[in-house]
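Welcome, and thanks for taking a look at this model with us. Please have your viewer ready.

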Number of protein chains: 2
Amino acid sequence: MNQYGNGEKKRVTIYSVAKEAGVSLATVSRVINESDVVKENTKKKVQEAIIKLGYKPNAVAQGLALKKTTTIALVVPDGSFNYIDKVINGLLDTAKIYKYNITLHTTTAGINEMNEIIDNVVKSRADGLILYNDAFSAKEIETLNHFQIPMVYLGNKGTGESACCVYIDYEQAVYELVTRYLNNGIDDIVIIDDRKNPTSIDLLIRGASKAFNEHGKTFGGFITIPEDVHNSYEFLSNYFAHNKHKLVITYRDSQAIAVINTCTENNIRIPDETELVCIKDSRYTDMFRPRISSFIVPSYDLGALAMRIMTKLLSGDIVRDKEFKLNYVYKAKETTK
Amino acid sequence: MNQYGNGEKKRVTIYSVAKEAGVSLATVSRVINESDVVKENTKKKVQEAIIKLGYKPNAVAQGLALKKTTTIALVVPDGSFNYIDKVINGLLDTAKIYKYNITLHTTTAGINEMNEIIDNVVKSRADGLILYNDAFSAKEIETLNHFQIPMVYLGNKGTGESACCVYIDYEQAVYELVTRYLNNGIDDIVIIDDRKNPTSIDLLIRGASKAFNEHGKTFGGFITIPEDVHNSYEFLSNYFAHNKHKLVITYRDSQAIAVINTCTENNIRIPDETELVCIKDSRYTDMFRPRISSFIVPSYDLGALAMRIMTKLLSGDIVRDKEFKLNYVYKAKETTK
DNA sequence: CGCATTATTGAAAACCCTTACATTTTCTAG
DNA sequence: CTAGAAAATGTAAGGGTTTTCAATAATGCG
């Protein structure tokens with residue numbers, strides 16, 4: 001029933017091809033793997049047999065023989081596909097070039113599924129692991145640190161000692177942003193923290209804190225939306241009914257939009273009274289009105305590079321640099337003055 | 001270097017476990033696979049050995065022996081992750097329950113990559129194929145029809161003869177919607193067609209046409225954004241500078257937002273002058289202001305059911321129904337009167 | 001206690017490749 | 001034409017499972 005077995009047709013293996021071409025299976029293998037020791041003439045015979053029989057090498061058997069699967073596991077937080085689109089495209093395109101397959105795994109915030117995923121990865125003998133780590137819990141990161149496998153963190157700086165990472169330095173981005181405002185005498189700055197992307201939010205707070213410290217001040221302006229609040233929208237609406245700030249910083253576009261909507265409801269004019277910056281750019285930050293100021297980043301490259309590094313790791317190349325920082329560009333749009 | 005080989009540590013296989021437990025590898029295999037013929041006592045010995053050695057069965061070897069990989073390939077159109085989020089979650093969650101792995105493949109609109117993907121699927125011996133088919137070209141569908149493998153179409157009605165499909169009947173949705181307006185004497189209705197999701201758009205047009213026909217009219221109101229137009233936003237802006245309609249229907253949220261923005265620019269009031277319905281609901285249809293009227297669908301279930309059917313297909317169960325239609329609910333929000 | 005069953009275990013083939021090493025063929029030069 | 005070297009090919013051992021069939025151990029019964 002499986003392996004597309006239509007019952008009658010005999011499975012076509014390397015043996016069939018060998019027989020058809022009148023050579024040994026070793027020769028066929030060599031032709032498949034583009035070894036250059038095969039005589040031109042026999043190579044042609046074999047190739048003809050391959051075409052005639054429609055032979056496709058069995059990657060499973062190859063995996064067993066070679067002890068590698070040319071498959072790498074990708075772990076992303078549940079619900080991240082909205083903003084991870086281009087990253088995945090870059091990753092998949094690159095994987096295709098290097099003939100790697102990608103298996104997909106998601107983690108749900110709050111539930112420590114990492115053990116389960118690792119178990120799966122071990123059993124399926126994936127060659128490596130790429131993790132989009134903007135929402136893993138400390139416990140999950142801890143779990144990962146005990147796991148020996150070529151690993152690339154994607155999105156944020158890896159917390160593991162040995163793993164590589166490809167990331168955008170959002171901490172620095174926020175630092176620069178906040179510094180700019182502080183220099184202009186504005187220090188009524190808040191960061192919205194909905195606890196869905198703790199890893200990232202913590203970075204933002206660090207960046208802001210650093211800027212404040214350098215100005216001899218202390219940053220305490222984060223609005224944490226409690227985890228037990230179902231409707232963060234209502235929470236924010238209520239918040240902005242009683243509070244007003246000069247600059248609001250959000251991580252994701254959805255939060256930025258919520259801020260705009262709730263401010264509008266409460267007659268807070270953006271950007272006149274309150275300015276707003278969304279850290280992560282998305283197609284929606286441009287579609288929404290007012291257009292949301294944000295940091296433009298090379299998402300596609302982020303994914304592509306992560307995969308690229310993974311191939312290096314797997315080919316045994318020495319990867320000297322462990323951290324790859326990609327550039328962002330701040331783009332002021334209509335939510336900032 | 002691969003298979004997490006730290007060089008020194010010996011790979012732990014079913015042999016190691018057998019030796020450790022003082023039984024044959026056949027017995028270990030039986031314990032792993034929860035065969036009930038093993039004596040309670042020996043089972044315990046084996047399980048202890050497994051834990052002691054930290055043994056994890058090699059899925060690759062299992063795949064070879066069993067001629068199945070418990071992996072299914074998922075093909076989605078490039079750039080669809082925005083709106084496919086929940087579908088994938090449903091799919092992955094269900095896959096997890098049935099212990100299937102998912103490999104991810106994307107197709108770029110306009111490029112026929114299906115052959116490449118099929119080649120890959122054959123080589124990697126995936127057990128089945130799930131396709132999110134709202135943007136495949138006719139050529140790609142054609143290619144798929146020649147391919148013998150358990151297959152489930154997801155999103156739209158499958159065009160293949162044999163394959164199963166799980167879908168939302170958007171044709172019917174549009175039919176009902178348009179009929180309602182026609183009944184109210186409104187027939188100035190257009191569908192925005194940006195040619196990125198031809199499969200789906202064609203369905204919408206069919207639904208509208210049917211409604212028009214029943215009213216003795218002919219539907220011709222689709223605005224096709226030419227493929228060579230880079231900025232569909234500009235195109236629409238230009239369009240609405242000179243045209244106005246009673247009802248605009250779009251497929252995706254991004255198109256709906258573009259319509260709202262361009263109408264606003266051209267001082268066309270929504271919903272007073274122009275009403276707008278977005279077929280596919282998304283988190284953004286609720287976040288945007290005005291909130292965009294749309295059809296609510298059980299996206300998660302869509303993915304979950306597709307995977308569920310796949311498992312049935314693979315376990316050899318007879319799947320009597322080939323088409324699974326899930327319900328939609330029209331939700332009028334602020335872009336309709 | 002001995003035999004016929006039945007429950008449990010083991011041996012070995014199969015799954016389909018790769019590759020080290022052995023063997024054969026081809027080529028080169030004397 | 002032949003020895004020796006180089007190139008091409010073949011043989012067979014692995015890679016880690018599952019599973020059939022044979023062998024052994026346990027059980028029940030007279």
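The report below covers the pairing of the protein chains, then the DNA strands, and ends with one residue.

This is a predicted model, in which local features need pLDDT of at least 70 and side-chain atom pairs count only at pLDDT 80 or more, while totals for chains, interfaces and linings use all residues. Residues are numbered from 1 along each chain as its sequence is written, chains are lettered from A and ligands numbered from 1 in the order in which they are written, and side-chain values use heavy atoms, with hydrogens and water left out.

**The two protein chains**

Let us start with the symmetry. A turn of 180° with a shift of 0.0 Å along the axis lays chain A on chain B with an RMSD of 0.1 Å (a least-squares superposition on the C-alpha atoms of residues with pLDDT of at least 70 in both). The two copies are therefore related as by a two-fold rotation axis. Both copies use the same surface, as 98% of the contact residues of chain A recur in chain B; contact means heavy atoms within 4.5 Å.

How many residues of chain A are in contact with chain B? There are 60, and they meet 59 residues of chain B. Chain A and chain B bury about 5,900 Å² between them, with 53% of it on carbon and sulfur atoms; this is the accessible area (1.4 Å probe) that two parts lose on being put together, summed over both.

Four salt bridges are found across the interface of chain A and chain B, a salt bridge being a side-chain nitrogen of Lys or Arg within 4 Å of a carboxyl oxygen of Asp or Glu. The side chains of Asp119(A) and Lys56(B) form a salt bridge at 2.4 Å, N to O. On the side of chain A that touches chain B, the residues divide into 23 nonpolar, 20 polar and 17 charged (Ala, Val, Leu, Ile, Met, Phe, Trp, Tyr, Cys and Pro count as nonpolar, Asp, Glu, Lys and Arg as charged, and the others, Gly among them, as polar).

**The DNA strands**

DNA strand D is surrounded by 30 residues, and the closest are Arg30(A), Thr42(A), Arg11(B), Ile14(B) and Ser29(B); a residue is near a strand if one of its heavy atoms lies within 4 Å of it. Of the atoms of DNA strand D that come within 4 Å of the protein, sugar and phosphate account for 65%. The surface near DNA strand D has 16 nonpolar, eight polar and six charged residues.

For DNA strand C, 27 residues surround the strand, and Arg11(A), Ser29(A), Ser24(B), Arg30(B) and Thr42(B) are the closest. Here 75% of the atoms of DNA strand C within 4 Å of the protein belong to sugar or phosphate, the rest to bases. The surface near DNA strand C divides into 14 nonpolar, eight polar and five charged residues.

Some distances from protein N or O atoms to phosphate oxygens are gathered here.

| Residue | Protein atom | DNA strand | Distance |
|---|---|---|---|
| Lys39(A) | backbone N or O | D | 2.8 Å |
| Asn33(B) | side-chain N or O | D | 2.8 Å |
| Tyr55(B) | side-chain N or O | D | 2.9 Å |
| Tyr55(A) | side-chain N or O | C | 2.8 Å |
| Asn58(A) | backbone N or O | C | 3.3 Å |
| Lys39(B) | backbone N or O | C | 2.9 Å |

**One residue in chain B**

Finally, Glu214(B) and Gln172(B) are 42 residues apart in sequence and 14 Å apart in space, C-alpha to C-alpha.

Technical notes. A polar contact is a pair of N or O atoms within 3.5 Å; within protein, one must be able to donate a hydrogen and the other to accept it, and residues adjacent in sequence count only if both atoms are side-chain atoms.
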